Amino acid sequence: MRKLIIEARVNEYMMREQGNPNVPYTPEEIARDAVACREAGAAILHFHARRPDGSPDHAAESYAEAVRLIREHSDILVHPTLGYVTLDAGPEARVAHILEMAQHPERAPHFAPMDMGSVNVDRYNAQARRFETQELVYRNSTGTLMHFADAIRGAGLKPYLVSWTIGFTRYVGAFMDMGLLEEPGYLCFCLTDNTFLGGHPGTLRGLQAHLDFLPEGRRIEWTVVNFGGNLFSLAAPIIAQGGHISIGLGDYTYHELGGGGAMPTNAEIIRRVAGIARELGREVATPDEAKAILGMKNPGPVAGAPTGAKA
Ligand code: ZN
């Protein structure tokens, strides 16, 4: 079986006050976590730029600085968010910081994400039985996605496809049929166990529903996130079925793994996933091996090649 690609999702917009003080915020903290996660077995690092107080940082320079520091210290593949301006920005503005970074080898990412549809992202408080907001929509129109597909391919990056529900996955099939996405596709099933109700539950049945509707006859490498929940209950079935794992403190505090009052770090979570994989007879992929599995032929994004390069 192919080696397992582990992606460290180190921070998202998780706050340390939510229970785990090991969530990295600044570019320096993110880069330190990148090195530790790579040593623990991660091939890909996903991050959101944050200010020192943890609030979202929308500055393109912060993304560039984080990627530069990560690449200076590690060969881990870099996957910055694209969703940081989600509500009213046009498609050009949303992808601009990624395209700018892609032109400079020292701060070029390897992936750019495409969530293949739109979804409500208001947080639901199950205890209080109310939504904390009512108008938050993660909007990705068909035209926007077509723009992203062109721009990401043109920049020589690998599209990181995200599916919240089966309808998103059907878009992946259609985009492949239209020649807008190349094979193998890298597709992340975003399960949402708590907080967000827009994804499938973080259960075996939630995962299986995704797998049942993978586009037929297409080469797709799939990975699984459990946003708002513990992914470990699904780790063994995912690994046994040939999937990949995307996990970290950005999604969930993983307080269950803490001991003696200490909370786990991202690297400790990654190390556990790697251990489970080895117990099941599946080795963990290095960044170079992950590139080969995902069909990323180029050594990496190339300076001065904003168009025509193939991811
Ligand atoms: Zn993210």
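**Exercise 1. Backbone outliers.** In which loop is Thr-195 found?

*Solution.* Residues are numbered from 1 along each chain as its sequence is written, and the model is a predicted one, in which local features need pLDDT of at least 70, side-chain atom pairs count only at pLDDT 80 or more, and totals for chains, interfaces and linings use all residues. Helices (H or I, at least four residues) and strands (E, at least two) are DSSP runs, numbered from the N terminus. On that basis Thr-195 belongs to the loop between strand 10 and helix 6 (204-212). Its phi is positive, about 75°, although Thr-195 is not a glycine. For its exposure, the cut-offs are under 20% relative accessible area for buried, over 50% for exposed and partly exposed in between, with a 1.4 Å probe and protein chains only; at 23%, Thr-195 is therefore partly exposed. As a second case, Tyr-254 has a positive phi near 50° and sits in the loop between strand 12 (244-247) and helix 8 (266-279), but with a relative accessible area of 1% Tyr-254 is buried.

**Exercise 2. The zinc site.** Identify the protein donors of the zinc ion and explain why their arrangement is irregular.

*Solution.* Donors are N, O and S atoms within 2.8 Å of the metal (3.2 Å for Na, K and Ca), and water is not among the atoms, so sites may look incomplete. The search returns two OE atoms of Glu-12, together with NE2 of His-46 and NE2 of His-48, at 2.0 to 2.4 Å from the zinc ion. Four donors count as tetrahedral if all angles lie between 85 and 135 degrees, and as square planar if opposite donors are over 155 degrees apart and all others between 65 and 115, while anything else is irregular. Because the angles subtended by the 4 donor atoms run from 54 to 134°, the arrangement is irregular. Glu-12 lies in the loop between strand 1 (6-9) and helix 1 (27-40), and His-48 in the loop between strand 2 (44-47) and helix 2 (60-73), so the pair ties together parts that are 36 residues apart in sequence. Both Glu-12 and His-48 are buried.

**Exercise 3. Surroundings of Phe-111.** Determine where Phe-111 is found and whether Phe-111 is buried or exposed.

*Solution.* Phe-111 is found in strand 4 (residues 111-115), and with a relative accessible area of 0% Phe-111 is buried. Leaving aside neighbours within four places in sequence, its contacts (heavy atoms within 4.5 Å) include Ile-44, Leu-77, Tyr-186 and Met-296. Of these, Leu-77 is 34 residues from Phe-111 in sequence and 7.9 Å away in space, C-alpha to C-alpha.

Key: Side-chain values use heavy atoms; hydrogens and water are left out. Four donors count as tetrahedral if all angles lie between 85 and 135 degrees; four count as square planar and six as octahedral if opposite donors are over 155 degrees apart and all others between 65 and 115; anything else is irregular.
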